Amino acid sequence: MADASYPEDLLYHPEHDWARIDGETATLGITWFAQDALGEVVFFDPPEVGSTITAGEPYAEVESVKAVSDVIAPMSGEIVEVNGALADTPEKINEDPYGEGWMVKVKLSDPSERDNLTDAATYTSQLS
Amino acid sequence: MLDAIGVGSIEELFDRQIPAAVRLGRPLDLPAGMAEQDVYAHLRELAARNTSAEDEITFLGAGMYDHYVPAIIDMLLGRSEFLTPYTPYQPEVSQGSLQVMFEYQTAISELTALPVSNASVYEGPSAVASAGYLARLANGRSRFVASAGLHPHSLDTLRTYARGFGAEVVEVPLADGLTDPAAWAAAIGEDTCAAFVQQPNFLGAVEDVEALAAAAKEAAPDAVVVGAYDPIALGILKPPGECGVDVCVGEGQPLGNRLDFGGPSFGFFAATEAYLRRMPGRIAGETTDVDGRRGFVLTLQTREQHIRREKATSNICTAQALNALAGVVYLSWLGRHGLVELAELLLQRTHYAREALTALDGVEALHSQPVVREFALKLSAPAGKVVARCQEQGVNPGLALDDDVLLVAITEQRSRADIDRLTEVLGAAVAAEREAVHA
């Protein structure tokens, strides 16, 4: 498992999600803290491509040996891609939560929602 | 204790805590107390009013069947390791319990030809309804299509559950004893969550499950096809896993559980791998320990109530472990060939009985479909009265449905001589009732 890290170029949601915004789309995933709290991830249940997600509401499920948890959307939009590789290698969420462990790509319906997210320093200051 | 909390009496406690407006203000309307010996005598008298399946020649079935329960089942169920423990909250300590669950699941999986089985649920109807909830979680839709050939208790339970999570149940009628294929196909559409069929159906008829499942998948590719099966009939019928059924459920009572006035029994629940993570209840898994020895665990527990709470597929997953144990012991006792022989025997006796009874005056088959162990008759006399007349002769001819329909079940405990006796008694009862109408 990777060491704790919170890349500076990402935006963070207090439910332990990150967003990497690239124009009108964003890549979403869960933070190092989230995967560490979950423990070994054994299954990722993604949303369907084309479905709509809403900021602050669940859009996927991640199952570890300890629990099944909802993944909360940091921003709203339409799912344009899901990380199919996680079906066979869900452990990528533990090993590389900001890289190969990405979950979905979203076409943003309201890019201004980024103002509700925080930088890495603010997010990590909330972790106890 | 009253002293400790500063209250003078029980009455004062109630006065201070319970508003006068909601109190009854008089004693409960109950009879006076009885001495223990009197209670015993009273209960004996009540119990004596029951008629057990051993007190008459019974052809009752309709979902629960009077099969012989071999002594080995009582012997094993009586062992305190199985009889006394509560649900294993530290499951891996109870390797024996987990192994039983695993063996049971393996047997159900082989019986249904479906790769995944849970460790059992309460009984047949709640298994049917839980399959509906599984489907609801899997595809998010809210319209169930159910054959009218489902057991009425299953339909009722499905409707009750469906109301709870905002789904509707559309019933497809029977035509000549079978789920009407045209109505079935017409009822299923893109918005269908799950489609339910029972095999054999409530009137005993063998459905063409393969065709019904295919029609359902054609109309709604990701609708869940649920088959409610009689496990004994699987000794002779094609297994659901080979008929396009996604989730197979059923009443487990015929497997080594006595009638016991309706329960407890258990429900079995098996599915394709696609629904593994939506299964209700618990699943035991086989693994190896650190030293490489075979061991058992409760697997995928995270899906269920003690962790997922309101998002679990089921919150009644207290497995009927003891009843399911009876089920797996029964299947082991019968063996692979024994189950086939049993089903073949039932098939022969059932056809013998159907031919003999439909040859009687005033008795005809309600439908002409193939049957395995149960069939419906149409009487030209009130069925309830005919049943009462037969019972006076020590024969229970079956379950009266509607005004003139009788559902007759056969088990291996009903000999040819018993069937001949039924023919004689039923013929006389129908004749007497027709006479009474004309008189």
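The legends below describe close-up views of a predicted model with chains A and B.

**View 1. Chain B as a whole.** Chain B contains 14 helices and 17 strands. Its C-alpha atoms fill a box of roughly 80 × 60 × 45 Å along the principal axes. Of the 439 residues in chain B, 45% count as buried. Among the contacts in chain B with a separation of 6 or more, 72% are between residues 24 or more positions apart.

**View 2. The two domains of chain B and where they touch.** Chain B is divided into domain 1, made of 57-67 + 336-438, and domain 2, which covers 71-330. The C-alpha centres of domain 1 and domain 2 of chain B are 29 Å apart. Between them, 23 residues of domain 1 of chain B are in contact with 20 residues of domain 2 of chain B. On the domain 1 side, α12 (321-358) and β14 (374-379) of chain B each supply at least two of the touching residues. The largest share of that side, six residues, comes from α12(B). By class, the residues of domain 1 of chain B that touch domain 2 of chain B are 14 nonpolar, five polar and four charged.

**View 3. The largest nonpolar core.** In soluble globular proteins, nonpolar side chains tend to be buried together. The largest nonpolar core in this model has 121 residues. The members that touch the most other members are Phe144(B), Ala194(B), Ala195(B), Phe196(B), Val226(B), Val247(B) and Val249(B). Helix α12(B) gives the most to this core, with 14 residues. At least three residues of the core come from each of domain 1 and domain 2 of chain B. A close look at Ala194(B), leaving aside neighbours within four places in sequence, shows contacts with Ala131(B), Gly132(B), Ala135(B), Phe144(B), Ala223(B), Val224(B) and Val226(B). A second, separate core has 32 residues, including Ile30(A), Leu38(A), Phe44(A) and Ile53(A).

**View 4. Ser332(B) in helix α12.** Ser332(B) is placed in helix α12 of chain B. Because Ser332(B) has 15 C-beta neighbours inside 10 Å, this residue counts as partly exposed. Val100(B) is 232 residues away from Ser332(B) in sequence, while the C-alpha atoms of the two are 12 Å apart in space.

**View 5. Strand β14 of chain B and its partners.** Five of the six residues of β14(B) are buried, so this strand is largely enclosed by the rest of the structure. Strand β13 (residues 363-365) of chain B runs antiparallel to β14(B) and is joined to it by three bridges. Here Ala365(B) stands opposite Leu377(B) in β14(B). Strand β17 (residues 405-409) of chain B is also antiparallel to β14(B), with five bridges joining the two. In this pair, Phe375(B) has Val408(B) in β17(B) as its bridge partner.

**View 6. The three-stranded sheet of chain A.** Strands of a sheet pair through backbone hydrogen bonds, either parallel or antiparallel. This open sheet in chain A has the order β4-β6-β7, with antiparallel pairing. Strands β4 (41-45) and β7 (68-72) of chain A stand at the edges; each has a single partner strand, so one side of each is left without a neighbour in the sheet. On average, and with direction ignored, neighbouring strands of the sheet are turned by 30° against each other. Four bridges connect β4(A) with the antiparallel strand β6 (residues 58-64) of chain A. The bridge partner of Phe44(A) in β6(A) is Val62(A). Phe44(A) is also one of the residues of the second nonpolar core.

**View 7. The six-stranded sheet of chain A.** A further open sheet, of six strands, has the order β1-β2-β3-β9-β8-β5 in chain A, with antiparallel pairing. Its edge strands are β1 (11-13) and β5 (52-53) of chain A, each with a single partner strand, so one side of each has no neighbour in the sheet. At the β5 edge, β5(A) pairs with strand β8 (residues 77-82) of chain A in the antiparallel sense over two bridges. Ile53(A) stands opposite Gly77(A) in β8(A), and Ile53(A) is included in the second nonpolar core.

**View 8. Where chain A meets chain B.** Five residues of chain A are in contact with five residues of chain B. The side of chain A that touches chain B has three nonpolar, no polar and two charged residues.

Definitions and conventions
Residues are numbered from 1 along each chain as its sequence is written. Chains are lettered from A and ligands numbered from 1 in the order in which they are written. This is a predicted model: local features need pLDDT of at least 70, side-chain atom pairs count only at pLDDT 80 or more; totals for chains, interfaces and linings use all residues. A residue is buried if 20 or more other C-beta atoms lie within 10 Å of its own, exposed if 12 or fewer, and partly exposed in between; C-beta atoms are placed from the backbone. Two residues are in contact if their C-beta atoms, placed from the backbone, lie within 7 Å. Domain bounds come from an automatic or database domain assignment. Ala, Val, Leu, Ile, Met, Phe, Trp, Tyr, Cys and Pro count as nonpolar, Asp, Glu, Lys and Arg as charged, and the others, Gly among them, as polar. A nonpolar core is a set of buried Ala, Val, Leu, Ile, Met, Phe, Trp, Tyr and Cys residues joined through C-beta atoms within 7 Å. Two strands pair if DSSP finds at least two bridges between them. Axes are lines fitted to C-alpha atoms, for helices over the stretch in contact, and angles run from 0 to 180 degrees between N-to-C directions.
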